[in-house]
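Hi,

Here is the structure I promised to send over. Have a look at it first, and then read on for my notes.

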Amino acid sequence: MFLEISIYCRGGQGGVTTARILAAAAMLQGYFSQSMPQFGPERRGAEVKAFLRISDKEIRRKCPITDPDVAILFDHKLRYDGDPDTVIVNYSSKLFEDKSKVCYLDATEIAVKNGLISAGWPILGPAMGGAAAKVLDLDYECLMKAIKMELGEKAEKSVKAADEAYRVVKCA
Amino acid sequence: MQAKSDCDGARGVRKLLTSNEAVAEAVKLAKPDVIAAYPITPQSPIVEKLSEMVESEELDSRFVRVESEHSAMGVVIGAATAGARVFTATSSHGLAYMYEMCWWAAGSRLPIVMALAARSIGAPWNIHGDHLDLVSLRDLGWIISVAENAQEAFDMTINAFLLSEEVNIPVVVAIDGFTMSHTAEVVNVRQVEIPPRKQAYRILPGMEVALNAVAFGEARMLARFDLARDLEESAGLIEEKLGGLVEEYRLEDAEYAVVVTGGLSGDVKDAVDMLREEGVKIGVMRLRFIRPFPKKAVKELPSQVLVVDRANTDLRGVLSVEVAACGVENKNLVAGIGGKYPTVDELYSCLKRFVDGKLSDVEWLI
Amino acid sequence: MRLDPILSKATVGSAGETGSWRNFRPVVEAEKCSGCKECFYYCPEGVIEVKGVARIDYRFCKGCGVCREVCRQKAIVMVQEE
């Protein structure tokens, strides 16, 4: 098993942290994993990418992911690379009817409901991460443990948002 | 995916760490007396992590905040002279600014460990990874080790303290900027006990002695000769106890070999596996150290050699020139300068052309 | 590993008797000298000792005349060597 996943978000939405939490969850489940943010001019609101690899063997490559198996879109207006089989998208599946698997949830609503807002921007990472964990078939307990491990004392709201997202994400 | 039992895939010792964090964890185990550093991307998370450890009293070290990298190396030189175990870290322009003091560190034969998150040096401005800063250390008399992944960044940093204090030569541990420094991977964080500090001499208050006073005539040349000889001879200890100067991957029956160092080696190995599946007898020699340079291993390479470089000297890559200096003719691919990181597919097609005899003497993968 | 090129210990006269390099000899007029030690502090060779009055070690004094320049009592004169 070797999965390449790309996260597309905007600076400040928590995409980089999400990649790391999912990598930690996969590690706790016994896999090898790698999370790799892409850095450029750091700017709130600008398009940001983060890569995630999960494998049952040691992961050696460190090149950017150009054709992911799974694309996670924090905003349906963001562009993605290559031709992913699976798209996980915030809010609506309508734009992705050509994909074999499209999973969706209203991550913004979950974030706002749980008070995950920073400087006027909903932090979508926990909800998108929770949904992605479900779609990627990552274990719920491992996900919760990973969130607490990575966020420490600040984990509470994120745990709630991820929990809800894990339950409500739908695939078409 | 199948859940494996109780979410303890980490089994207590596996941690998800970037290479920066892995270096910091290893430094914590070495318990340095003095850490001095100035922040610079992409190295900063190493010393940020260490300063947090000092602040929380998890690590009993003196963290000296300095106003420049020149001073950071000055502080660790001073502390090491008095017998303190020391650590610093830098990158790119920081290393350039520190450069003069790096000569003093080596010439003074002081055990010092430095991490280098290898990054391009401007102009033009760039924050991403390559080995242009790393190769500027070649002529100083430092031992230069280059990690492939976060696990090795951890292991090499621990070994660097042992090695440096054994041979009285400063050691740098290089990790690739961003593709390693900021990439989190699964690391086995083993607990190790590092023996107490040892070094050839210490200078303490009250001692009537001058360090590095003017050395004319044969004195300066003797010091330089001793350093060069001891640096070469450190290869023995590295081969015997510290994992060796090179890693050989699928080289046993190889007719073609790719020489490479750093994180890119992992991508090259994946490309080599693709060619192996097609029946091509190709392997990888990964340089774990570039000082001392693994001359013996390089001389035993098969006749068809491709060197992949992330730093150039003229049109040729630096490692290509080093390999040629061992009497081994080679083709050269310069790649990944300033973070223009090749994909495995791109590497595969270059390797394929190399095997088919279609690669030019030197090519830049732009 | 040889440490001699790196570590050294200062000794008197390690560069030979540099007094022979001198063209002018500083001579202290003892009756004018106040023993203030100004010359002692300024002497680049460290060859002046002050015990009541300044005394110069001519084996190593190179005759630079700094002591004469700084002397507040004008108690030092430079005399040409033969």
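**Chain A on its own**

Starting with burial: 55% of the 172 residues of chain A count as buried. Keep in mind throughout that this is a predicted model. The predictor gives the complex an ipTM of 0.95 and a pTM of 0.92.

How many helices and strands does chain A have? There are 5 helices and 9 strands, and reading from the N terminus they come in the order β-α-β-β-β-β-β-α-β-β-α-α-α-β. Along the principal axes, the C-alpha atoms of chain A fill a box of roughly 40 × 35 × 35 Å. The radius of gyration of chain A is 14 Å, which agrees with a compact globule, because a globule with 172 residues would be near 16 Å. As for contacts within chain A, take those between residues at least 6 apart in sequence: 62% of them join residues at least 24 apart.

**Who touches whom**

Which chains share the most contacts? Of the 2 pairs of chains in contact, that is chains A and B. Chain A and chain C, on the other hand, have no contact joining them, and their closest C-alpha atoms are 41 Å apart.

**Chain A against chain B**

Here 28 residues of chain A are in contact with 26 residues of chain B. On the chain A side, the elements that give two or more residues are helix 1 (15-28), strand 2 (32-37) and helix 4 (140-151). Strand 2 of chain A has the largest share of that side, with 6 residues. By class, the chain A side divides into 14 nonpolar, 6 polar and 8 charged residues.

Strand 2 of chain A is also worth a look for its pairing across the chains. It runs antiparallel to strand 8 (residues 184-188) of chain B, and 2 bridges join them. If you want a spot to zoom in on, go to Gln34(A), whose bridge partner in strand 8 of chain B is Glu185(B).

**Inside chain B**

The domain assignment splits chain B into domain 1 (14-201 + 210-241) and domain 2 (247-364). Taken over C-alpha atoms, the centres of these two domains of chain B are 26 Å apart. The contact between them takes 27 residues from domain 1 of chain B and 20 residues from domain 2 of chain B. On the domain 1 side, helix 5 (132-135), strand 6 (143-146), strand 7 (171-176) and helix 7 (218-241) of chain B each supply at least two residues. Helix 7 of chain B gives the most to that side, with 5 residues. The domain 1 side of this contact has 13 nonpolar, 9 polar and 5 charged residues.

One residue I looked at more closely is Leu347(B), which lies in helix 11 (residues 344-355) of chain B. Is Leu347(B) buried or exposed? Leu347(B) has 27 other C-beta atoms within 10 Å, so it is buried, the cut-off being 20 or more. Leaving aside neighbours within four places in sequence, Leu347(B) is in contact with Asp267(B), Val268(B), Ala271(B) and Pro342(B). Val272(B) is 75 residues from Leu347(B) in sequence, while their C-alpha atoms are 8.9 Å apart in space.

**Chain B against chain C**

For the other pair, 18 residues of chain B are in contact with 9 residues of chain C. Strand 9 (210-211) and helix 7 of chain B each supply at least two residues of the chain B side. The largest share of that side, 6 residues, comes from helix 7 of chain B. So helix 7 of chain B turns up twice: it gives the most to the domain 1 side that touches domain 2 of chain B, and it has the largest share of the side that touches chain C. The chain B side that touches chain C divides into 10 nonpolar, 3 polar and 5 charged residues.

There is strand pairing here as well. Strand 9 of chain B and strand 1 (residues 7-8) of chain C run antiparallel, joined by 2 bridges. The bridge partner of Leu211(B) in strand 1 of chain C is Leu7(C). On confidence, chain C has a mean pLDDT of 94, with 100% of its residues at 70 or more.

Cheers

Notes. Residues are numbered from 1 along each chain as its sequence is written. Chains are lettered from A and ligands numbered from 1 in the order in which they are written. This is a predicted model: local features need pLDDT of at least 70, side-chain atom pairs count only at pLDDT 80 or more; totals for chains, interfaces and linings use all residues. Helices (H or I, at least four residues) and strands (E, at least two) are DSSP runs, numbered from the N terminus. A residue is buried if 20 or more other C-beta atoms lie within 10 Å of its own, exposed if 12 or fewer, and partly exposed in between; C-beta atoms are placed from the backbone. Two residues are in contact if their C-beta atoms, placed from the backbone, lie within 7 Å. Ala, Val, Leu, Ile, Met, Phe, Trp, Tyr, Cys and Pro count as nonpolar, Asp, Glu, Lys and Arg as charged, and the others, Gly among them, as polar. Two strands pair if DSSP finds at least two bridges between them. Domain bounds come from an automatic or database domain assignment. The radius of gyration is taken over C-alpha atoms; the globule rule is 2.2 Å times the number of residues to the power 0.38. pLDDT is the predictor's confidence in each residue, from 0 to 100.
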